[in-house]
Amino acid sequence: MRSSNHNHETEGHNPAAEVSLFPELTPPSIESLAEGVTLLRAFCLDQAPALFEAVSSIETTSPFRHMVVPAGHTMSVAMTNAGELGWTTDRTGYRYSPIDPANDRPWPAIPAVLLDLAQSAAAGAGFPGFTPNSCLINRYAIGARLSLHQDKNEQDYGHPIVSVSLGLPATFLLGTLRRTDTPRRIRIEHGDVLVWGGPARLVYHGVAPIAQGGHPLTGPFRINITFRRAR
Ligand code: SIN
Ligand code: FE2
């Protein structure tokens, strides 16, 4: 069954290697944004309904929740996790945990459709052999944002970060290794996958407030799924 939000037709398994019949619309393309930062545009457009369904299944056991940062405020982004280790924060700090503090049970396993996507996207961006054991799912309502930060709670920065976006578009703030540099504003759409690693593994990044809108698959939300090797 075709989903209502398709605006191009492709065949095969690797969208980045395919030829669109309507290249003026959303052709899969690979863009190098900086050394170690690759934007795979429309890379997972065809699988998006299955990816969203996988998120929905995770959410039934480990629901989205608004976590509190050590400084004391509640995040505007709602989060949940899948995988051996889930990223959490509370007043005592940021950490990876094998247990969901909301239900004291292990996080759900990473569904195969998500794991396969993470591995093929990493390979497509020049990081073959990526074996994520952590999948953080961020749900942005309209107006939600994520301030500039580095992903540095992981043990080995040799592994990249793979970031999948579904639903409402976002302005991704792509900084550098220095917090004081003004970040570039990158438009990220439904179906895009952004990968950063190697020399860019510790770049500062964030998300500007999500603009008003609606999406055929996700409604009034942007869903971002980041895959990491936490340990
Ligand atoms: C993150 O930095 O964890 C999420 C980035 C995004 O939502 O695009
Ligand atoms: Fe991040």
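Which strand gives the most to the shell around ligand 1? That would be S15, with 3 residues. Bear in mind that this is a predicted model.

**The chain as a whole**

The protein chain has 15 strands alongside 2 helices. Of its 231 residues, 49% are buried. If you look at contacts with a separation of 6 or more, 70% of them link residues 24 or more positions apart. As for the outside, the accessible surface is about 10,700 Å², and carbon and sulfur atoms own 55% of it.

**Around the ligand**

Ligand 1 takes up the space of the largest pocket. The residues surrounding ligand 1 are Asn138, Tyr140, Leu146, His149, Ser163, Phe172, His205, Val207, Arg222, Asn224 and Arg228. Four strands each supply at least two residues of that shell: S8 (134-141), S9 (146-149), S14 (205-207) and S15 (221-228).

Now for the polar side of things. Here are three side chains with an N or O atom close to an oxygen atom of ligand 1:

| Side chain | Distance to an oxygen atom of ligand 1 |
|---|---|
| Asn138 | 3.5 Å |
| Tyr140 | 2.5 Å |
| His205 | 3.0 Å |

How much of ligand 1 does the protein bury? Taken alone, ligand 1 exposes 260 Å², and 98% of that is buried by the protein.

Terms used: Residues are numbered from 1 along each chain as its sequence is written. Chains are lettered from A and ligands numbered from 1 in the order in which they are written. This is a predicted model: local features need pLDDT of at least 70, side-chain atom pairs count only at pLDDT 80 or more; totals for chains, interfaces and linings use all residues. Side-chain values use heavy atoms; hydrogens and water are left out. Buried means under 20% relative accessible area, exposed over 50%, partly exposed in between (1.4 Å probe, protein chains only). Contact means heavy atoms within 4.5 Å. Accessible areas come from the Shrake-Rupley method with a 1.4 Å probe; for residues, only the protein chains shown count as cover. A residue is near a molecule or strand if one of its heavy atoms lies within 4 Å of it. A polar contact is a pair of N or O atoms within 3.5 Å; within protein, one must be able to donate a hydrogen and the other to accept it, and residues adjacent in sequence count only if both atoms are side-chain atoms. On a 1 Å grid over the protein atoms alone, a cavity is a set of points where a 1.4 Å probe fits but cannot get out, and a pocket is an open set with protein on both sides within 12 Å along at least five of seven lines; lining residues have an atom within 4 Å of a point. A molecule sits in a cavity or pocket if more than half of its atoms lie within 2 Å of its grid points.
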